[in-house]
Amino acid sequence: MSTLSGKTVMITGASRGLGRALARATARQGAALAVCARGGEALEAVADECRGLGVDVLAVITDMADASDIERFAATALERFGGVDVLVNNAAELGPLPLPQLTDAPSSALEHVLNANVLGPLRLTQAVIGGMLLRNRGLVVNISTDAALIGFEGLGLYSASKAALDALTRSWSAELRQTAVRVVSVDPGDMYTQMHMAADPEANPADLLRPEDVAERLLILFEGRLPMGDRVEAVSLA
Ligand SMILES: NC(=O)c1ccc[n+]([C@@H]2O[C@H](COP(=O)([O-])OP(=O)(O)OC[C@H]3O[C@@H](n4cnc5c(N)ncnc54)[C@H](OP(=O)(O)O)[C@@H]3O)[C@@H](O)[C@H]2O)c1
């Protein structure tokens with residue numbers, strides 16, 4: 001039997017990059033999937049590919065910056081699957097491109113990035129974590145970055161949002177210490193994806209991780225083999 005057979009995994013931003021790699025990897029392990037992104041065509045293509053592996057897939061066009069979209073995604077998933085075993089808050093936005101220096105960045109851009117990268121994950125987690133607590137099992141993975149800890153030129157808005165998401169992770173983790181529900185931040189490392197190339201067009205793909213390899217490491221968490229602490233570097237998972 002596949003390792004995630006009978007489980008439901010919810011992944012935001014599953015139409016490309018790490019989210020798509022995670023969707024494919026979890027489907028190969030037999031998990032039912034609830035996936036979202038804004039762009040329907042690319043999302044449906046991933047959903048169809050995963051259905052081809054024999055698993056049930058719900059794909060809902062969702063903007064993680066929009067509270068009513070999130071409510072609809074969560075409600076549809078809960079109705080279809082009854083509950084979520086693993087939620088991966090993966091979708092994220094860098095903000096305006098080309099990346100502005102903070103001196104010039106409009107505050108409205110920070111508002112949008114915080115909505116998509118912080119309020120979105122908070123809202124979606126709140127919508128599904130009640131069921132996890134009732135069953136006293138479940139995992140929420142918030143995808144973080146080294147930019148949550150380190151200042152990089154041009155990444156101020158994104159960094160602020162990921163630092164805020166890390167703060168939510170730490171508090172949630174502390175609040176749930178007495179339960180079997182875990183909330184962790186995972187830094188996937190620098191990957192060859194559209195986001196990375198948008199942030200650093202000069203990057204050499206050969207120096208970057210393949211999202212498929214990072215996804216395989218994250219499966220270790222999904223299977224319940226969780227390291228101590230609430231922040232995990234994906235490269236340390238083996
Ligand atoms: N790539 C790296 O080197 C790197 C390093 C550290 C951390 N990370 C983190 O890893 C995660 C995945 O990044 P990635 O590199 O795979 O990014 P990516 O290639 O840009 O993919 C992002 C995914 O999220 C979706 N998305 C973006 N904004 C959304 C929104 N508002 N609502 C719903 N879906 C949205 C995108 O689809 P649509 O555009 O169609 O919505 C896409 O499916 C992110 O949390 C990122 O911060 C990446």
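**View 1. A bridge between I11 and V35 in the predicted model.** In this predicted model, I11 has V35 of β2 as its bridge partner. The two strands concerned, β1 (residues 8–12) and β2, pair in the parallel sense over 5 bridges. Strands of a sheet pair through backbone hydrogen bonds, either parallel or antiparallel.

**View 2. The surroundings of V35 in the nonpolar core.** The largest nonpolar core comprises 63 residues, and L33 and V35 have the most contacts inside it. Leaving aside residues up to four places away in sequence, V35 touches I11, A14, A23, L43, V46, A47, V57 and A59.

**View 3. The open sheet and its edges.** Seen across the sheet, the 7 strands follow the order β3-β2-β1-β4-β5-β6-β7, with parallel pairing. Because β3 (57–61) and β7 (231–233) each have a single partner strand, one side of each is left without a neighbour in the sheet. On average, neighbouring strands are turned by 20° against each other, direction ignored.

**View 4. Two helices against the sheet.** Helix α4 (residues 107–135) packs on the sheet and touches β1, β4 (86–89), β5 (138–143) and β6 (181–187). The direction of α4 makes about 165° with that of β4. Helix α7 (residues 211–222) lies across β1, β4, β5 and β6, and runs at about 145° to β5.

**View 5. The shell around the ligand.** There are 31 residues around the ligand, of which G13, G17, R38, G39 and T193 come nearest. The elements α1 (17–28), β2 (32–37) and α6 (194–199) each give two or more residues to this shell. By class, the shell holds 14 nonpolar, 12 polar and 5 charged residues.

Methods. Residues are numbered from 1 along each chain as its sequence is written. This is a predicted model: local features need pLDDT of at least 70, side-chain atom pairs count only at pLDDT 80 or more; totals for chains, interfaces and linings use all residues. A nonpolar core is a set of buried Ala, Val, Leu, Ile, Met, Phe, Trp, Tyr and Cys residues joined through C-beta atoms within 7 Å. A residue is buried if 20 or more other C-beta atoms lie within 10 Å of its own, exposed if 12 or fewer, and partly exposed in between; C-beta atoms are placed from the backbone. Two residues are in contact if their C-beta atoms, placed from the backbone, lie within 7 Å. A residue is near a molecule or strand if its C-beta atom, placed from the backbone, lies within 6 Å of it. Helices (H or I, at least four residues) and strands (E, at least two) are DSSP runs, numbered from the N terminus. Ala, Val, Leu, Ile, Met, Phe, Trp, Tyr, Cys and Pro count as nonpolar, Asp, Glu, Lys and Arg as charged, and the others, Gly among them, as polar. Two strands pair if DSSP finds at least two bridges between them. Axes are lines fitted to C-alpha atoms, for helices over the stretch in contact, and angles run from 0 to 180 degrees between N-to-C directions.
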